[in-house]
Amino acid sequence: MRSFLYKFAMFMQGRYKMDQLNFALISISLALSIINVFPRNIIIYLFELLFLALFAFRFLSKNIYKRGAENRKFLAVWEKTRDFFILHKNKIKEFKTHVYIKCPYCKAQLRVKRINGKHKVRCPRCGESFEKKIHFGVKNK
Ligand SMILES: [Zn+2]
């Protein structure tokens, strides 16, 4: 038993093992296998194997540098996607009270109170000012 563990440790030495991208790959593979318990769809099954194979390949890979670069790319896309959903969730949640507008100079998303009329907005990121007309807001009293 001890020699087996030793051999296994030797085998695993210098290999890439786990990161966030691998966690995502194994989770997707697992989720697909759960979804596919009853339909037993061959295409879902092939995707399940594909994600599992990608996971195994990356887990056992000795090219640490390349796998790290892949993970960084994955995290960048993941964060962008997450931010997109958070923004849209907030837009829906605050629809009655706030509007989200884009700064025409630096493209930053700005959150302003939904009050009818023309407003002068100063972007806190780039400092530029611009005018913005808001319709369908609460009446200014
Ligand atoms: Zn700006």
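**Strand pairing, helix packing and backbone turns in a predicted model**

Strand 1 (residues 98-102) and strand 2 (residues 109-113) run antiparallel and are joined by five bridges. The model is a predicted one. One of the pairs links K102 to Q109, its bridge partner in strand 2. The two strands form a hairpin, with six residues between them. K107 lies in the turn of this hairpin and has a positive phi of about 65 degrees. In a regular strand, side chains alternate between the two faces of the sheet.

The domain assignment of the protein chain gives domain 1 (1-62) and domain 2 (86-141). The centres of domain 1 and domain 2, taken over C-alpha atoms, are 46 Å apart.

Helix 1 is hardly covered. Among its 11 residues, the count of buried residues is zero. Just after helix 1, G14 takes a positive phi of about 75 degrees.

K17 follows in the loop between helix 1 (2-12) and helix 2 (20-35). K17 is not a glycine, yet its phi is positive, at about 65 degrees. This residue counts as partly exposed because it has 13 C-beta neighbours inside 10 Å, whereas a count of 12 or fewer would make a residue exposed.

Helix 2 has 16 residues, which at 1.5 Å a residue should span 22 Å. Its end C-alpha atoms are 22 Å apart, so the expected span and the model agree. The buried residues of helix 2 are L21, N22, L25 and S29. Seen down the helix axis, these buried residues fall within an arc of 105 degrees, and they therefore line one face of helix 2. They pack against helix 3 and helix 4. The face of helix 2 turned away from the buried side carries exposed residues. These are Q20, F23, S27, A31, I34 and I35.

R40 sits in the loop between helix 2 and helix 3 (42-60). Its phi is positive, at about 45 degrees, although R40 is not a glycine. Is R40 buried or exposed? It counts as exposed, because 8 C-beta neighbours lie inside 10 Å.

Two residues of helix 4 were examined for exposure and for distances to other parts of the chain. Y65 lies in helix 4. With 8 other C-beta atoms within 10 Å, Y65 is exposed. Y65 and Y16 are 49 residues apart along the chain, and their C-alpha atoms are separated by 9.0 Å. G68 is also placed in helix 4 (residues 64-93). G68 has 13 C-beta neighbours inside 10 Å and so counts as partly exposed. G68 and E48 are 20 residues apart along the chain, with 23 Å between their C-alpha atoms.

How values were computed
Residues are numbered from 1 along each chain as its sequence is written. This is a predicted model: local features need pLDDT of at least 70, side-chain atom pairs count only at pLDDT 80 or more; totals for chains, interfaces and linings use all residues. Helices (H or I, at least four residues) and strands (E, at least two) are DSSP runs, numbered from the N terminus. A residue is buried if 20 or more other C-beta atoms lie within 10 Å of its own, exposed if 12 or fewer, and partly exposed in between; C-beta atoms are placed from the backbone. Domain bounds come from an automatic or database domain assignment. Two strands pair if DSSP finds at least two bridges between them. The expected span of a helix is 1.5 Å times one less than its number of residues. The arc is that of the directions from the helix axis to the C-beta atoms. Two residues are in contact if their C-beta atoms, placed from the backbone, lie within 7 Å.
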